[in-house]
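Notebook open, model loaded. I'm jotting things down in the order I looked them up.

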Amino acid sequence: MKVALAERLLAAREAGRRACLLRFLKTGEEALVIEGELVVGPDLPDGVLDAIERAHRRDRSTTIETAAGPVFLQVFNPPLRLIVVGAVHIAQALVPMAALTGYAVTVIDPRRGFATAERFPNVSLLDAWPDEAMESLAPDLRTAVVTLTHDPKLDDPALDVALRSEAFYIGALGSKRTHAARLERLRALGHAPEALARIHGPAGLDIGAESPAEIAVSVLAQMTQVLRKEG
Amino acid sequence: MSEAERLLQEALAWKREGRKVAIATVVTTWGSSPRPVGSMLVVDDRGRMAGSVSGGCIEGAVVKEAQAVMEGAPPRLLDFGVTNEQAWEVGLACGGKVQVWVEALS
């Protein structure tokens, strides 16, 4: 690998861009694609740019067969993001677990005394209203959104924005009955049934979780499942 | 910053110190290999290492190839797996198979 290529790749990542490093395993040639555009290297065989796009979406490096022999695609994506609405007890468990798993976490809660640095050290905290906060965070394909407040005034506006985004995971805490009522309200806001089906509610895999930490495990496990198996 | 980005940064820092540096990257896996595709090990000519391409079972063999590559050998693709005698020797005990691309940072 050329030093200049590695430097260019890291500079692209620092600027928040997606990069893919290619190795032609037959010839030893290399190439760099940034945001879908070839910036260094030989012309790419047919189908390679599409394969790069898929690899970015799945966040998975892979070796593909091409007319030029096997080509290794090494994906460098922006970090995953998790937006948590509700600086509640479960969030205190979920936030550090998600950070360990590689998520850059933001906690939204406009209520006084909830989203404080003492309760959530080393985390990005927003005390704006969830709709406003969510609009500013602009969830994308690499973002998970989890609402934890059980309060429609806080959860609904966040879910409304999440449903209009490409967020790969949307989870809402609350019982089945709470969730049914929530879907009814969101439907009234104009969301179609197939859009509403994106919400995992009640959030989390059914592992019999009881404590806040166990519930955090079940939610994080479900996020991982959606990211790795359905992406 | 992802692990791979940190390792590339480290490799560049070693290079700036005047070391010879090689990079090994997992490019394919089959079965229960311990580290996913894209995992990296960086090595310098004083034997300094960062990262990993396995649970530790093939690192020794990879480092040996890395030394040759940083001395000017072309990049090469290494195969490890239970069907491969060399891999048996280096002990890929998990029963998986991996291919590792070894190249110099130059």
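Which residue of β9(A) does A:V85 stand opposite? I looked along the pairing and found A:T147 there. Note to self before going on: this is a predicted model.

**Entry 1: around β9 of chain A.** I stayed with the strand that holds A:T147. β9(A) covers residues 143–147, and five of its five residues are buried, so I've put it down as mostly covered. I then checked the two faces separately. On one side I have A:T143, A:V145 and A:T147, on the other A:A144 and A:V146, and all of them are buried.

Next I went through the partners of β9(A). Strand β6 of chain A, residues 80–85, runs parallel to β9(A), and five bridges join the two. With β10(A), residues 169–172, the pairing is parallel as well, this time over four bridges. A:T147 turns up again here, standing opposite A:A172 in β10(A). I followed the chain from β9(A) to β10(A): the path goes through helix α5 of chain A, residues 152–163, and the β-α-β crossover is right-handed.

**Entry 2: chain A as a whole.** I stepped back for the totals. I count eight helices and 11 strands in chain A. Its C-alpha trace spans about 60 × 40 × 35 Å along the principal axes. Of the 231 residues, 40% are buried. I also looked at contacts with a separation of 6 or more: 54% of them come from residues 24 or more positions apart.

The domain assignment splits chain A into domain 1 (3–76) and domain 2 (80–229). I took the centres over C-alpha atoms and got 33 Å between the two domains.

**Entry 3: helix α2 of chain A.** Which residues of α2(A) are buried? In this helix, residues 48–58, I found A:V48, A:I52, A:A55 and A:H56. I looked down the helix axis and saw these buried residues fall within an arc of 100 degrees, so they line one face of α2(A). What do they pack against? My list for chain A reads β1 (19–24), β2 (30–34), β4 and β5 (69–76). One backbone detail I wrote in the margin: A:D59, just after α2(A), takes a positive phi of about 55 degrees.

**Entry 4: A:T66.** I picked this residue out of β4(A), which covers residues 62–66. Why is A:T66 classed as partly exposed? I counted 17 other C-beta atoms within 10 Å of A:T66; buried would take 20 or more and exposed 12 or fewer, so the residue lands in between. Leaving aside neighbours within four places in sequence, I have A:T66 in contact with A:P45, A:G47, A:V48 and A:V71. A:V48 was already on my list of buried residues in α2(A). I also took the distance from A:T66 to A:M223: 33 Å, C-alpha to C-alpha, with their positions 157 residues apart in sequence.

**Entry 5: where chain B touches chain A.** Last stop. I find 20 residues of chain B in contact with 19 residues of chain A. On the chain B side, α1 (3–16), β1 (21–30) and β5 (97–105) each supply at least two residues. α1(B) gives the most, with six residues. I sorted the chain B side by type too: 11 nonpolar, six polar and three charged.

Notes
Residues numbered from 1 in each chain as written. Chains lettered and ligands numbered in written order. Predicted model: local features only at pLDDT ≥ 70, side-chain atom pairs only at ≥ 80, totals over all residues. Domains from an automatic or database assignment. Contact = placed C-beta atoms within 7 Å. Nonpolar A, V, L, I, M, F, W, Y, C, P; charged D, E, K, R; others polar. Pairing = 2+ DSSP bridges. Right-handed = clockwise from strand over helix to strand, strands pointing away. Arc of directions from axis to C-beta.
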